[in-house]
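Work through the exercises below with the sequence and the 3D view side by side. Try each task before reading its solution.

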Amino acid sequence: MSKAKAAPPPGCTLNINDPQVQEAAIRIQASYRGHRSRKEMREKGPPKILQELKDVVLVEGSAAKLECRVSAFPDPFIVWYKNGKELKDGPKYRYVFEDPDFVALVVRDGVLADLGKYTVDIKNPFGQTSGSACILVEVPAKVSKGPDNMKAKRGTTVVLKAEISGEPPPDVAWLKDGDDIEEDDRVFFDVGDTNTILTIKNAKMSDAGKYEVFVENRLGTDQSFARVDIL
């Protein structure tokens with residue numbers, strides 16, 4: 001003896017002849033066809049960069065992140081380069097994949113040597129593309145090695161040398177007993193990429209004193225002192 005089927009609860013039946021139901025079915029089918037078409041297009045297309053890499057500024061001791069948005073299916077093979085040399089994923093350089101569309105490179109523990117051009121190479125079975133940007137490194141001004149104390153005889157040449165660093169390159173000044181040195185043919189200083197040299201020709205007794213080298217850029221200042229005695 002068969003049992004009578006229970007009627008469905010109110011609101012749980014569909015009338016396929018209802019125009020609203022038919023319209024909803026058409027929208028669902030169209031959406032599915034669109035999804036399938038998009039999927040097929042992704043499967044057949046080579047990688048594309050949708051958002052380019054941008055230059056970034058890396059402050060010494062901190063980290064920088066280069067990122068771009070890509071379109072690639074199947075998942076692409078990613079390689080990062082610095083000035084043409086491949087970078088390995090590890091403690092210094094970290095490959096990052098953020099959701100399906102974003103790839104990034106994190107450069108940790110920034111130093112001046114990290115300055116350069118970085119390139120991402122994106123490849124899948126259907127093609128390859130790449131993009132590049134620069135990391136610009138900023139380093140506070142610093143006197144890496146200050147001048148040595150000097151003892152010199154009258155009439156000789158005194159040379160004080162200091163090693164300096166900084167990016168942007170720092171402004172440099174030399175002072176004697178707290179006052180700026182006014183350069184002339186006898187007393188003058190030169191500034192190179194990594195050092196500065198103060199020269200005192202035909203030393204006089206009045207040249208004895210406390211000398212200071214001072215460096216400054218927008219990230220910081222530094223100074224170092226030396227004593228000069230004229231005998």
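**Exercise 1.** In this predicted model, find which residues Val139 touches once its neighbours within four places in sequence are set aside, and decide whether Val139 is buried or exposed.

Solution. Begin with the contacts: beyond the neighbours within four places in sequence, Val139 is in contact with Glu60, Leu112, Gly166, Glu167, Asn217 and Leu219. Next, place the residue in its element, which is strand β9, covering residues 127-145. Then consider Pro168, which lies 29 residues from Val139 along the chain, although the two C-alpha atoms are separated by 7.1 Å. Finally, turn to accessibility: the value for Val139 is 6%, and because buried means under 20% relative accessible area, Val139 counts as buried.

**Exercise 2.** Determine which parts of the chain are tied together by the salt bridge between Lys92 and Asp114, and state how exposed each partner is.

Solution. As a first step, recall that side chains of opposite charge can pair when their charged atoms come close. Here the side chains of Lys92 and Asp114 meet at 2.9 Å, taken from N to O. Lys92 lies in the loop between β5 (85-87) and β6 (93-98), whereas Asp114 lies in the loop between β7 (102-107) and β8 (116-124), so the pair ties together parts that are 22 residues apart in sequence. As for exposure, Lys92 is partly exposed, with a relative accessible area of 25%, while Asp114 is buried, with a relative accessible area of 3%.

**Exercise 3.** Describe two further salt bridges, those of Lys65 and Lys88, and say how many a search of the whole structure finds.

Solution. Lys65 pairs with Glu67, and their closest N and O atoms are 3.9 Å apart; Lys65 is partly exposed at 37% relative accessibility, and Glu67 is also partly exposed, at 32%. Lys88 forms a salt bridge with Glu86 at 3.3 Å, N to O; in this pair Lys88 is exposed, with a relative accessible area of 60%, whereas Glu86 is partly exposed at 38%. Searching the whole structure gives nine salt bridges.

**Exercise 4.** Trace the open sheet of five strands and identify its edge strands.

Solution. Follow the order β10-β17-β16-β12-β13, in which the pairing is mixed. The edge strands, each pairing on one side only, are β10 (150-152) and β13 (179-180). At the β13 end, two bridges join that strand to β12 (residues 171-176), and the two run antiparallel. Within this pairing, Leu175 has Asp180 of β13 as its bridge partner.

Technical notes:
Residues are numbered from 1 along each chain as its sequence is written. This is a predicted model: local features need pLDDT of at least 70, side-chain atom pairs count only at pLDDT 80 or more; totals for chains, interfaces and linings use all residues. Side-chain values use heavy atoms; hydrogens and water are left out. Two strands pair if DSSP finds at least two bridges between them. Helices (H or I, at least four residues) and strands (E, at least two) are DSSP runs, numbered from the N terminus. Buried means under 20% relative accessible area, exposed over 50%, partly exposed in between (1.4 Å probe, protein chains only). Contact means heavy atoms within 4.5 Å. A salt bridge is a side-chain nitrogen of Lys or Arg within 4 Å of a carboxyl oxygen of Asp or Glu.
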